[in-house]
There are 2 protein chains.
Amino acid sequence: MGSISNGNTDTSIRSQISKQSTSPAHEARLLSRHNLITNTSGLAPNYLQANLLILPSKYAQDFHDLCLRNPVPCPLLGITAPGDPHSVTPSQCIQTPNDFDIRTDFPRYRIYQNGKCLSTSVPSLLDVWTPDHVGFLIGCSFSFEDALTAAGLRPRHQKTNTIVAMYKTNIPLLPAGVFTGAKFIVSMRPYKAHEVERVREVTRPFLSTHGEPVAWGWEGAKEIGIRDVHTPDFGQKQVWEEGDVPVFWACGVTPQMVVEAAGDKVDGLVFAHEPGHMLVTDWTTGDLDKLRPGF
Amino acid sequence: MGSISNGNTDTSIRSQISKQSTSPAHEARLLSRHNLITNTSGLAPNYLQANLLILPSKYAQDFHDLCLRNPVPCPLLGITAPGDPHSVTPSQCIQTPNDFDIRTDFPRYRIYQNGKCLSTSVPSLLDVWTPDHVGFLIGCSFSFEDALTAAGLRPRHQKTNTIVAMYKTNIPLLPAGVFTGAKFIVSMRPYKAHEVERVREVTRPFLSTHGEPVAWGWEGAKEIGIRDVHTPDFGQKQVWEEGDVPVFWACGVTPQMVVEAAGDKVDGLVFAHEPGHMLVTDWTTGDLDKLRPGF
């Protein structure tokens with residue numbers, strides 16, 4: 001694992017990491033491990049970023065099923081073996097198994113118990129992880145924002161340097177085992193009505209990172225149960241321009257809602273990433289076809 | 001293709017098919033081709049049965065995406081190449097490519113245009129198929145009914161010799177390309193409240209044929225928008241016993257609702273199976289793990 005001395009200054013740690021890392025993704029993970037970055041939006045372009053859920057192993061099969069039944073909010077990028085925080089299946093997901101730790105390589109974590117969030121912005125899970133924990137890496141919509149920008153459709157929250165707005169919806173997740181009763185969380189980016197079809201096209205190939213929108217327009221907002229787009233449940237209120245309509249994507253915060261909905265049906269500690277503080281994986285946009293199931 | 005003379009009686013055709021066929025699944029397809037069977041419920045136990053949607057090729061990518069985004073109502077078992085009604089990818093799905101025709105090997109078909117059903121119970125598609133059509137085979141819940149029966153949980157509609165009750169719901173399908181605005185169709189089987197967890201367990205491994213239920217109980221019925229379980233939208237009203245609660249599964253009639261919702265956004269003829277009149281594939285329950293995506 002990281003051999004960087006704690007006595008060094010941030011600048012010299014950064015310089016050592018830069019020399020030691022084998023790719024921009026590896027570098028982002030090392031910077032996260034040393035808590036030198038927070039929000040990972042825009043980091044290591046072209047690499048797929050991941051949301052996190054870590055559960056006691058007895059719930060791993062049910063949660064895996066939940067992901068397969070709900071691949072739009074919960075697209076799987078990788079899973080750790082029980083008790084092994086260092087290697088991820090499939091191995092393409094993290095190509096530095098000798099220099100990876102799921103307990104440290106996200107910038108910040110959350111800790112849940114009985115469906116309730118106990119702690120936020122935790123820098124490491126080293127003290128709370130047990131050999132019985134299994135980690136799930138879930139695709140993140142940051143991964144398609146570069147493609148939107150390249151198509152001249154830069155997300156508003158990037159232009160205004162805010163956190164994307166997120167909302168609770170009435171869209172049910174299809175239940176799997178112990179995980180019942182949860183609803184989708186969606187992220188929202190405002191676009192002009194005439195841009196919506198192009199926005200759908202650009203994000204469509206990103207099936208493994210939430211893909212195309214789940215709803216759009218003012219009528220679409222109402223249908224998924226969002227009464228007031230100016231009051232997001234997570235993230236920040238967005239700046240609106242004349243002629244904007246809301247466009248909604250499934251969001252990787254959904255797994256945290258799944259844990260909240262399961263409540264005390266889940267025994268033991270559950271860990272998640274702090275929203276916006278993702279893992280940069282070694283999957284790239286060039287791997288999207290490989291990650292796509294189907295024939 | 002079938003070399004059976006039309007001059008023979010049904011009995012002698014059946015006997016020739018029985019000699020000529022290489023498996024119970026192949027035999028069921030040949031019987032369907034000669035229109036000697038209708039409802040395929042209970043036929044060729046252990047073989048997975050398939051629902052059908054056949055579309056003009058320009059909508060194939062969007063429909064494929066729709067299936068991948070909604071794998072519970074639309075689990076993919078196989079796809080034909082454009083214009084080739086004889087072979088299916090993956091090849092394990094139909095292992096008699098020299099003796100298969102998607103246009104004849106379902107017992108009965110439906111024909112759609114502009115989202116409207118033009119004809120029902122059509123015995124063959126030979127006259128309407130074009131070299132531009134692509135067929136999608138979608139898992140069917142008949143496949144898990146044997147497992148329920150083996151667990152002492154025989155579906156009510158089999159005991160009473162009725163067609164399973166099906167309902168429109170408020171559960172949205174996640175849109176893909178031209179396919180927007182559709183809702184799930186569910187099938188319903190009544191069980192005692194104390195049997196529900198066991199019923200969920202038994203059907204859980206059948207991810208590729210709709211898997212475990214999407215809702216259950218009287219409160220569950222209300223949540224998915226079903227006001228009166230005694231008035232199904234398709235199939236037949238079920239016989240209820242004291243202490244029964246409804247249990248709902250995603251249903252393979254959903255793709256037909258997808259086509260109805262798309263309306264005149266889809267040009268050209270679309271074909272589907274007649275509900276209850278399935279294709280018996282060469283996939284077996286032993287292949288369920290192979291069909292399961294995930295890691």
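1. A good place to start is the empty space inside: about 110 Å³ of it lies in the largest cavity. Please keep in mind that this is a predicted model. Of the 15 residues that line this cavity, the closest to its centre are Asn70(A), Leu174(A), Phe184(A), Asn70(B) and Leu174(B). Strand E7 (165-172) of chain A and strand E7 (165-172) of chain B each give at least two residues to the lining. By type, the lining comprises 11 nonpolar, two polar and two charged residues.

2. There are three cavities of 30 Å³ or more, and the second largest holds about 60 Å³ of space. Among the residues lining this second cavity are Tyr47(A), Phe142(A), Glu145(A) and Asp146(A). H4(A) gives the most to that lining, with four residues. Here the split is four nonpolar, six polar and two charged.

3. Now for the meeting of the two chains: 35 residues of chain A are in contact with 35 residues of chain B. Together the chains bury about 2,800 Å², with 67% of that on carbon and sulfur atoms. Leu68(A), Arg69(A) and Phe295(A) supply 27% of the area that chain A buries against chain B, more than any other three residues.

4. Polar links are worth a look too. Two salt bridges run between chain A and chain B; Arg292(B) forms one with Asp65(A), where the closest N and O atoms are 2.8 Å apart. Between the chains, 14 residue pairs are in polar contact. On the side of chain A that touches chain B, H3(A) gives the most, with six residues, and the residues there divide into 19 nonpolar, nine polar and seven charged.

Technical notes
Residues are numbered from 1 along each chain as its sequence is written. Chains are lettered from A and ligands numbered from 1 in the order in which they are written. This is a predicted model: local features need pLDDT of at least 70, side-chain atom pairs count only at pLDDT 80 or more; totals for chains, interfaces and linings use all residues. Side-chain values use heavy atoms; hydrogens and water are left out. Contact means heavy atoms within 4.5 Å. Buried area is the accessible area (1.4 Å probe) that two parts lose on being put together, summed over both. A salt bridge is a side-chain nitrogen of Lys or Arg within 4 Å of a carboxyl oxygen of Asp or Glu. A polar contact is a pair of N or O atoms within 3.5 Å; within protein, one must be able to donate a hydrogen and the other to accept it, and residues adjacent in sequence count only if both atoms are side-chain atoms. Ala, Val, Leu, Ile, Met, Phe, Trp, Tyr, Cys and Pro count as nonpolar, Asp, Glu, Lys and Arg as charged, and the others, Gly among them, as polar. On a 1 Å grid over the protein atoms alone, a cavity is a set of points where a 1.4 Å probe fits but cannot get out, and a pocket is an open set with protein on both sides within 12 Å along at least five of seven lines; lining residues have an atom within 4 Å of a point. Grid points are joined across faces, edges and corners, and a volume is the space filled by probe spheres set on the points.
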